[in-house]
Amino acid sequence: MRTMYACTAILLACAALPALGADDWQMWNTYGFKLPVIKKKLDLNYSMDTRFRDDMDEFFRYHFYIGPDYHMRKWLTLGIQYGNIQQKPVDGEFQTEHRIMYFVTPKFKLADLGIERYGLGDLNISFQNRLDQRIRHYADHTYTWRYRIYPKLSYPVYTCKYITVSPYVADAFYFDFTDNIAFSMNRLYSGLNFKVFGQIGIDFYYMRLAERSGRGGPWNGSNVLGTGLAYEF
């Protein structure tokens, strides 16, 4: 019980503090499914995302991602996905980006390392590495690359036969390779995930978005409320 209270307190603190310095409020919604191709070895993933900005009043982006995950080891997953992104600039029309994304994701529990004291054995840790090959004919640089590292911590505070409840915190760091290497975006997440019947995933999160153009420019902040719905066959 103490562990549940501690995780909840951390979750609320991470959600509340970053919101103080941001301006716009956005809403992001993700829907997806995972289809096993080879049991415990190969999955096919599909997801669709819709986004609203200007205090959730303007629909400005939607995208589709599809591709396989290969579970090379229990603790290591490799993946590749194609993305089609439609995004609307301020006072403009929707523009198309094609994207190939390469994933390398180590993930483990502390119990896998022999650490189980104080109920920490079920703490899940992942370090998703993603390299994006971006094709944007509307941009000054049509072909560019971007790297993202996405560490995430989650802990199942409640588990029964039908549902598992896991609060989590995560932070995504984006590095743009368009003109040298620039740290161009940061996404700090605090959320709650529900796993229902072992197949349905429901996600609610707050995210503090900070982004800038190129190296050394001013940072712009936004608050994002997000939802996710996923099904594993």
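In strand 6, Gln 133 is the bridge partner of Ile 100, and this pair belongs to the contact between strand 5 and strand 6 (residues 124–135), which run antiparallel over 10 bridges. Pairing here takes at least two bridges found by DSSP between two strands; strands are DSSP runs of E with at least two residues, helices are runs of H or I with at least four residues, and both are numbered from the N terminus. The model is a predicted one: local features are reported only at pLDDT of at least 70 and side-chain atom pairs only at pLDDT 80 or more, while totals for chains, interfaces and linings draw on all residues. Residues are numbered from 1 along each chain as its sequence is written, and side-chain values use heavy atoms, with hydrogens and water left out.

On its other partner, strand 5 (residues 95–109) meets strand 4 (residues 76–87), again in the antiparallel sense, this time over 12 bridges. Within that pairing, Ile 85 has Glu 97 of strand 5 as its bridge partner. The loop between strand 4 and strand 5 holds Asp 91, a residue other than glycine with a positive phi, near 55°. For context, most residues other than glycine have a negative phi. Asp 91 counts as exposed because its relative accessibility is 79%; the classes are buried under 20% relative accessible area, exposed over 50% and partly exposed in between, with a 1.4 Å probe and protein chains only.

Strand 4 is also the place of Ile 80. With a relative accessibility of 36%, Ile 80 falls into the partly exposed class. Leaving aside residues up to four places away in sequence, Ile 80 touches Ile 66, Gly 67 and Pro 68, and also Ile 100, Met 101, Tyr 102 and Phe 103; a contact means heavy atoms within 4.5 Å. Ile 100 thus turns up twice, as a contact of Ile 80 and as the residue bridged to Gln 133. As for Pro 68, its C-alpha atom lies 6.0 Å from that of Ile 80, at a distance of 12 residues along the chain.

Further along the chain, strand 10 (182–196) pairs with strand 11 in the antiparallel sense over 12 bridges, and Tyr 189 stands opposite Met 207 of strand 11. The two strands make a hairpin with three residues between them. Phe 197 sits in that turn and, like Asp 91 in its own loop, is not a glycine yet has a positive phi of about 55°. Phe 197 is exposed, its relative accessible area being 54%.

Strand 11 (residues 200–211) then pairs with strand 12, antiparallel and over 12 bridges. Two residue pairs mark out this pairing: Tyr 205 stands opposite Gly 226, and Asp 203 has Gly 228 as its bridge partner. Strand 12 (residues 220–232) also pairs with strand 1 (residues 24–38), but there the sense is parallel, over 11 bridges. Trp 25 has Asn 223 of strand 12 as its bridge partner. Asn 223 is buried, as its relative accessible area is 1%. From Asn 223 to Glu 93 the C-alpha atoms are 24 Å apart, and the two residues are 130 apart in sequence.

Zooming out, the protein has one helix and 12 strands, with the helix leading and the strands following in the order α-β-β-β-β-β-β-β-β-β-β-β-β from the N terminus. The radius of gyration is 18 Å, close to the 17 Å that the globule rule gives for 233 residues, so the protein is as compact as a globular protein of that length; the radius is taken over C-alpha atoms, and the rule is 2.2 Å times the number of residues to the power 0.38. Along the principal axes, the C-alpha atoms fill a box of roughly 50 × 45 × 30 Å.

Of the 233 residues, 37% are buried. Among contacts with a separation of 6 or more, 48% come from residues 24 or more positions apart. The exposed area is about 13,500 Å², with carbon and sulfur atoms supplying 61% of it; accessible areas come from the Shrake-Rupley method with a 1.4 Å probe, and for residues only the protein chains shown count as cover. Lastly, the 27 positive and 23 negative charges have mean positions 10 Å apart. Lys and Arg are the positive ones and Asp and Glu the negative ones, with His and the chain ends not counted, and each charge is placed at NZ of Lys, CZ of Arg, CG of Asp or CD of Glu.
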